[in-house]
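Subject: Handover of a structure

Dear colleague,

Please find below the structure that I am handing over to you, followed by an account of what was found in it. I would be grateful if you kept it open while reading.

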Amino acid sequence: VMAGEFVKVGIAENIKSRMVVFRCHCPMLVSLIFCSSPMPRPQAREVERESHLKMRANHVRGEWFRESPKNAIDIIEKEIGKMASITKEQLKLLNL
């Protein structure tokens with residue numbers, strides 16, 4: 001999600017209803033700039049956590065970052081790729 005110069009990195013079960021909430025509560029134009037394919041919630045949380053860590057130098061508040069949309073998407077896609085390469089056995093060891 002992008003609003004002004006900020007990007008929000010998070011997960012949602014229903015992106016349409018989530019966007020309605022953002023557009024209602026944010027005074028800036030809010031747009032969806034990236035949405036991954038559905039994945040199990042534990043893996044989505046891990047992708048979110050790792051993405052937040054990679055962008056922590058540009059953290060503003062909560063899940064909002066002052067990050068270029070391209071860089072944010074690149075980071076998220078890289079983390080999704082890492083998660084996709086983890087085997088089921090590794091997931092069990094990580095408790096995911």
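The largest pocket has a lining of 28 residues, and those nearest its centre are Gly10, Ile11, Ala12, Cys35 and Ser36. Please bear in mind that this is a predicted model. The space in the largest pocket comes to about 630 Å³. At least two lining residues are supplied by each of strand 2 (6-8), helix 1, helix 2 and helix 3.

Helix 3 deserves a closer look. With 17 residues at 1.5 Å a residue, helix 3 should span 24 Å, and the C-alpha atoms at its ends are indeed 24 Å apart, so the two values agree. Which residues of helix 3 are buried? They are Ala72, Ile73, Ile75, Ile76, Glu79 and Met83. When helix 3 is viewed down its axis, these buried residues fall within an arc of 160°, and therefore they line one face of the helix. The face turned away from that buried side carries Lys70, Lys78, Ala84 and Ser85, which are exposed.

One of the buried residues, Glu79, leads to the next topic, the salt bridges. Side chains of opposite charge can pair when their charged atoms come close. The count for this structure is 10 salt bridges. Glu46, Arg49, Glu50, Lys54, Glu79 and Lys82 are linked in a network of such bridges.

Within this network, Lys54 may be taken as a starting point. A salt bridge joins the side chains of Lys54 and Glu50, with 3.4 Å from N to O. Both residues belong to helix 2 (residues 41-54) and are four residues apart, about one turn of the helix. An α-helix has 3.6 residues a turn, so residues three or four places apart point the same way. Are the two partners buried or exposed? Lys54 is partly exposed, because its relative accessible area is 42%, whereas Glu50 has a relative accessibility of 18% and therefore counts as buried.

Lys54 also forms a salt bridge with Glu79, and here the closest N and O atoms are 3.3 Å apart. This pair links distant parts of the chain, since Lys54 lies in helix 2 and Glu79 in helix 3 (residues 69-85), 25 residues apart. Glu79 has a relative accessibility of 5%, so it counts as buried.

Glu79 has a further partner in Lys82, again with 3.3 Å between the closest N and O atoms. Lys82 and Glu79 both lie in helix 3, three residues apart, which is about one turn of the helix. Lys82 is partly exposed, at a relative accessible area of 37%.

Finally, I turn to the aromatic rings. The structure holds one aromatic pair. The rings are those of Phe22 and Trp64; their centres are 6.4 Å apart and their planes stand at 75°, so the pair is edge-to-face. Phe22 is part of helix 1 (residues 15-25) and Trp64 is part of strand 5 (residues 64-65), so the pair ties together parts that are 42 residues apart in sequence. How accessible are these two residues? Phe22 counts as buried, at 13% relative accessibility, while Trp64, at 22%, counts as partly exposed. The cut-off explains this outcome, because buried means under 20% relative accessible area.

Yours faithfully,

A colleague

Methods:
Residues are numbered from 1 along each chain as its sequence is written. This is a predicted model: local features need pLDDT of at least 70, side-chain atom pairs count only at pLDDT 80 or more; totals for chains, interfaces and linings use all residues. Side-chain values use heavy atoms; hydrogens and water are left out. A salt bridge is a side-chain nitrogen of Lys or Arg within 4 Å of a carboxyl oxygen of Asp or Glu. Buried means under 20% relative accessible area, exposed over 50%, partly exposed in between (1.4 Å probe, protein chains only). The expected span of a helix is 1.5 Å times one less than its number of residues. The arc is that of the directions from the helix axis to the C-beta atoms. Rings of Phe, Tyr and Trp (its six-membered ring) pair if their centres lie within 6.5 Å; planes under 30 degrees apart count as stacked, over 60 as edge-to-face and the rest as tilted. On a 1 Å grid over the protein atoms alone, a cavity is a set of points where a 1.4 Å probe fits but cannot get out, and a pocket is an open set with protein on both sides within 12 Å along at least five of seven lines; lining residues have an atom within 4 Å of a point. Grid points are joined across faces, edges and corners, and a volume is the space filled by probe spheres set on the points.
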